[in-house]
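Trainee: I have a new structure to learn. Can we go through it in short questions and answers?

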Amino acid sequence: MRYVALLRGVNVGARNKVPMADLRAAVEALGFDDVATYVQSGNVVFGTGSTPEAALARRLERAVQRAFGLDVTVLVRTAAQLTRLRTDNPYLRARRDPATLHVTFLAARPAAAAVRALPDGLGPDELTVRGREVYLWCPKGYGRTKLTNAWCEQRLGTRATTRNWRTVVTLGELAAT
């Protein structure tokens with residue numbers, strides 16, 4: 001099976017620096033196949049036998065700790081889940097500019113009460129929660145939104161990491177091959 005691992009908080013600003021070649025080597029050392037990284041923000045595509053995502057995430061978190069001394073959250077999705085994300089995005093169906101779209105990946109499915117308590121958006125920005133993903137539309141850019149990782153984590157009670165739509169699409173394509 002093909003999987004995508006999303007590392008939270010890697011290579012953001014001056015902290016948690018992880019060279020992608022070294023990350024690939026650390027993931028290959030776990031015995032995973034066809035390992036590839038995409039951009040510098042901690043995205044890894046790999047193959048392995050069918051394994052629960054949570055177990056893969058724990059293995060990868062331990063590998064990052066050993067190799068780089070970093071305690072980071074790793075979220076894992078299957079290639080099929082990324083394909084479904086690309087068809088389920090409500091803002092694409094609403095014909096929103098893909099450059100203004102993002103997905104916040106959640107480590108766990110949030111409680112229904114937490115989701116119901118969320119506003120539909122803040123200012124011009126909108127969000128839609130579906131399962132373990134939060135679809136975001138940020139017409140003025142993600143750098144200007146209040147719908148950040150920290151905002152989602154605080155309100156939904158789980159760790160998160162966000163990727164822009166272009167990265168989501170590319171990771172899905174890499175995982176599908």
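Trainee: Which side chain does Gln81 join in a polar contact, and at what distance?
Mentor: Keep in mind that this is a predicted model. Gln81 sits in helix H3, residues 79-88. Its side chain makes a polar contact with that of Glu53. The distance is 3.0 Å.

Trainee: Is Gln81 buried or exposed?
Mentor: The relative accessible area of Gln81 is 18%. Buried means under 20%. Gln81 therefore counts as buried.

Trainee: Leaving out residues up to four places away in sequence, which residues does Gln81 touch?
Mentor: One is the polar partner already named, Glu53. The full answer is Glu53 and Arg132.

Trainee: Which residue forms a salt bridge with Glu53?
Mentor: Glu53 lies in helix H2, residues 53-68. Its side chain meets an arginine in a salt bridge of 2.7 Å, N to O. That residue is Arg132.

Trainee: How many residues apart in sequence are Arg132 and Glu53?
Mentor: Arg132 is in the loop between strand S7 (125-130) and strand S8 (133-137), and Glu53 is in H2, so the pair ties together separate parts of the sequence. The separation is 79 residues.

Trainee: Into which accessibility classes do Arg132 and Glu53 fall?
Mentor: The cut-off for buried is under 20%. Glu53 has 19% relative accessibility, so Glu53 is buried. Arg132 has 21%, so Arg132 is partly exposed.

Trainee: How many salt bridges does the structure hold?
Mentor: Arg132 with Glu53 is one of them. Glu153 with Arg8 is another, at 2.7 Å from N to O. The structure holds four.

Trainee: Where are Glu153 and Arg8, and how many residues apart are they?
Mentor: Glu153 belongs to helix H6, residues 149-156. Arg8 is in the loop between strand S1 (2-7) and helix H1 (20-28). Their salt bridge links distant parts of the chain, 145 residues apart.

Trainee: Are Glu153 and Arg8 buried or exposed?
Mentor: Glu153 has a relative accessibility of 13%. Arg8 has 18%. Both values are under 20%, so each residue counts as buried.

Trainee: Which residue forms a salt bridge with Glu133?
Mentor: The closest N and O atoms of this pair are 2.6 Å apart. Glu133 is in strand S8, and its partner is in strand S4, residues 74-78, 56 residues apart. The partner is Arg77.

Trainee: What are the relative accessibilities of Glu133 and Arg77?
Mentor: Both residues count as buried. Glu133 is at 11%. Arg77 is at 2%.

Trainee: How many residues of S8 are buried?
Mentor: Both faces of the strand are covered. Glu133, Tyr135 and Trp137 are buried on one side, and Val134 and Leu136 on the other. The count is five of five.

Trainee: Which residue in S8 is the bridge partner of Phe105?
Mentor: Strand S5, residues 101-106, pairs with S8 in the antiparallel sense over five bridges. The partner of Phe105 is Glu133.

Trainee: What is the phi of Gly131 in the turn between S7 and S8?
Mentor: S7 and S8 pair in the antiparallel sense over five bridges. One of the partnered pairs is Thr128 with Tyr135. The two strands form a hairpin with two residues between them. Gly131 in that turn has a positive phi of about 65°.

Trainee: What is the strand order of the open sheet of four strands?
Mentor: The pairing is antiparallel. S2 and S4 are the edge strands, each pairing on one side only. The twist averages 20° from one strand to the next. The order is S2-S3-S1-S4.

Trainee: Which residue in S4 is the bridge partner of Leu7?
Mentor: S1 and S4 pair in the antiparallel sense over five bridges. The partner of Leu7 is Val74.

Trainee: At what angle does H2 run to S4?
Mentor: H2 lies across S1, S3 and S4. Its angle to S4 is about 140°.

Trainee: Within what arc do the buried residues of H1 fall?
Mentor: These residues are Met20, Leu23, Ala26 and Val27. Seen down the axis, they fall within a limited arc, so they line one face of the helix. They pack against S1, strand S2 (33-38), strand S3 (43-47) and H2. The arc is 115°.

Key:
Residues are numbered from 1 along each chain as its sequence is written. This is a predicted model: local features need pLDDT of at least 70, side-chain atom pairs count only at pLDDT 80 or more; totals for chains, interfaces and linings use all residues. Side-chain values use heavy atoms; hydrogens and water are left out. Buried means under 20% relative accessible area, exposed over 50%, partly exposed in between (1.4 Å probe, protein chains only). A polar contact is a pair of N or O atoms within 3.5 Å; within protein, one must be able to donate a hydrogen and the other to accept it, and residues adjacent in sequence count only if both atoms are side-chain atoms. Contact means heavy atoms within 4.5 Å. The arc is that of the directions from the helix axis to the C-beta atoms. Two strands pair if DSSP finds at least two bridges between them. Axes are lines fitted to C-alpha atoms, for helices over the stretch in contact, and angles run from 0 to 180 degrees between N-to-C directions.
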